[in-house]
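Let's take a walk through this fold, starting with the whole chain and working down to single residues. Have the structure open so that you can turn it as you read.

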Amino acid sequence: MRIAVILLRWVMNFIYFFLKLFPTDKSKVLFLSRQSNTVTEDIDFLSRRLKELRPETNIVIITKRMDKGFASVLEYSGATLRSMYHLATASVCVLDSYWPAVSVLHHKKQLAVIQMWHAMGKIKKSGYQSLGKKFGRSDMIAREMRMHRNYDVVIAGGRAFNPFYCASFDIDPDILYNVGLPRMDKLREGQEEARRRFYEAYPWYIGKKIVLYAPTFRKGQMLDPKPLVDAFDFNGDQILVVKRHPNQLLNYASLPPAVTCHRVPTSTVLSVCDCVITDYSAITIEAALLGKPVYFYLFDYEDYLDHNGLNVKLFDEFPDCIFRDPKELVAAIDRGEYDMDNYRRFCRRYLPDLTGRATDKIAELIIDCMERDKHDAISEHIARQNQIDGAVDSEDTVCAQSL
């Protein structure tokens, strides 16, 4: 197996050597994602803003999940070859997940690689932190395929997560750019539009109490919400919306009377819900941005620690909001009691600086990397943000309106 992986890496670099003979398009920005077969919210929001700020930018977007099955592998191989051509000719590459071609290839020196990781924080372990574990990657494949190598800058969330970004990607802290993700802006600025879209699609939910259940991804497992669904009292005033992780299968047979609200994305439901139930997902950070109370349903806590691991000690951060029994969880939601003082403290610690717009900061970094030396551009943007983080009083900027 190891020989096959090494051979694959060699073949890719052999092909790439000839692709690099094509000239670089200094206006080309390549976006890559394995999160979905369609354009993700972060890439869509950022690419649109980039085009507004610099209309002559040549934007190329490649999104392809690699699912099981020969057909999916073949399609992903084709997407990889396409990405190799554009990596060889682009000025900047922005990716929101691990894309093997980015890490294993020897790029032109002028190519700026920006890792805009899809999660808003590092609540759970990932990457190099979870190698060899059930929910992690193979140690051999990760190292031979140079997982998370070649990044010039990593877009990060709150500074409290920085040690975990470094451990996950095996990087130095001086390439972390703590500005958060573009969808932060969309969440904060688009709540009214999200509410309009949601109630336009589901007018019969107007006036109902909406509870969003959005658990994290568990590799090789199917999401079965039955225990939680059975604990809810569907008396006509309360709606349970179950949103699965994009990579997770859902047992639809155990869903009713809960719903999925499939006509709208999770972010839209998040904008209208009254509270959120999750476990180890970074949706906790997104909920905090909007001041939505978060409850944790940790029915498999010990197993998850063993199979994956956590960076944030949830029992310490949310001592009164952790539940293993779904009936106790639902009873707490019905009582409506919540420790908002503790919630504010969590926000101050784990949310990024909210002065300005993350989308604009990232777009301006991309433009700067296109127009001058990438190292100078990146170091100056990071230094500027570090100064802001040092000067800003987070008490006034984090959750100020919603909490």
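What follows goes from overall shape to sheets, then helix packing, then two spots in the backbone.

A word on ground rules before the tour. This is a predicted model, in which local features need pLDDT of at least 70 and side-chain atom pairs count only at pLDDT 80 or more, while totals for chains, interfaces and linings use all residues. Residues are numbered from 1 along each chain as its sequence is written, and side-chain values use heavy atoms, with hydrogens and water left out.

Start with the big picture. The chain has 18 helices and 13 strands; here helices (H or I, at least four residues) and strands (E, at least two) are DSSP runs, numbered from the N terminus. Along its principal axes, the C-alpha trace spans about 65 × 50 × 40 Å. The radius of gyration is 22 Å, and a compact globule with 403 residues would come out near 22 Å, so the two agree. (That radius is taken over C-alpha atoms, and the globule rule is 2.2 Å times the number of residues to the power 0.38.)

Now find the sheets. One is an open sheet of six strands with parallel pairing, in the order β2-β1-β3-β4-β5-β6; two strands pair if DSSP finds at least two bridges between them. At its edges sit β2 (58-63) and β6 (176-178), each pairing on one side only. From one strand to the next, the twist averages 20 degrees; angles like this run from 0 to 180 degrees between N-to-C directions, and axes are lines fitted to C-alpha atoms, for helices over the stretch in contact. If you want a place to zoom in, strand β1 (residues 28-33) is joined to β2 by six bridges, the two running parallel. There you will see K28 standing opposite N58 in β2.

The other sheet to look for is open as well, with five strands in the order β9-β7-β11-β12-β13 and parallel pairing. Its edges are β9 (238-242) and β13 (322-323); each has a single partner strand, so one side of each is left without a neighbour in the sheet. Further in, β7 (residues 209-213) and β11 (residues 275-278) pair in the parallel sense over three bridges, and Y213 faces I277 of β11.

Back at the six-stranded sheet, two helices are worth picking out. Helix α6 (residues 162-169) lies across β4 (112-115), β5 (153-156) and β6, at about 135 degrees to β5. Helix α16 lies across β1, β3 (92-95), β4, β5 and β6, running at about 150 degrees to β3.

So what else does α16 touch? Two packed helices are described by the angle between their axes and the distance between the axes. The axes of α2 (residues 41-53) and α16 (residues 358-371) come within 9 Å and cross at roughly 60 degrees. The two are therefore oblique to each other (under 35 degrees counts as roughly parallel, over 145 as roughly antiparallel, 65 to 115 as roughly perpendicular, and the rest as oblique). F45, L46, R49, L50 and L53 in α2 meet T359, D360, I362, A363, I366 and I367 in α16, contact meaning heavy atoms within 4.5 Å. These residues divide into eight nonpolar, one polar and two charged; Ala, Val, Leu, Ile, Met, Phe, Trp, Tyr, Cys and Pro count as nonpolar, Asp, Glu, Lys and Arg as charged, and the others, Gly among them, as polar.

Helix α7 (residues 182-189) also packs on α16, at about 150 degrees with the axes 7 Å apart. That makes α7 roughly antiparallel to α16. P182, M184 and D185 of α7 make this contact with A358, T359 and I362 of α16, a set of four nonpolar, one polar and one charged.

Elsewhere, α1 (residues 2-19) and α3 (residues 70-89) have axes that come within 9 Å and cross at roughly 45 degrees, which makes α1 oblique to α3. Here M12, I15, Y16 and L19 of α1 meet T80, M84, Y85, L87 and A88 of α3. By class, that contact has eight nonpolar, one polar and no charged residues.

Finish with the backbone. P256 and P257 are joined by a cis peptide bond, with omega about 0 degrees, and P257 lies in the loop between β10 (249-250) and α10 (266-272). H148, in the loop between α5 (139-144) and β5, has a phi near 65 degrees, a positive value in a residue other than glycine.
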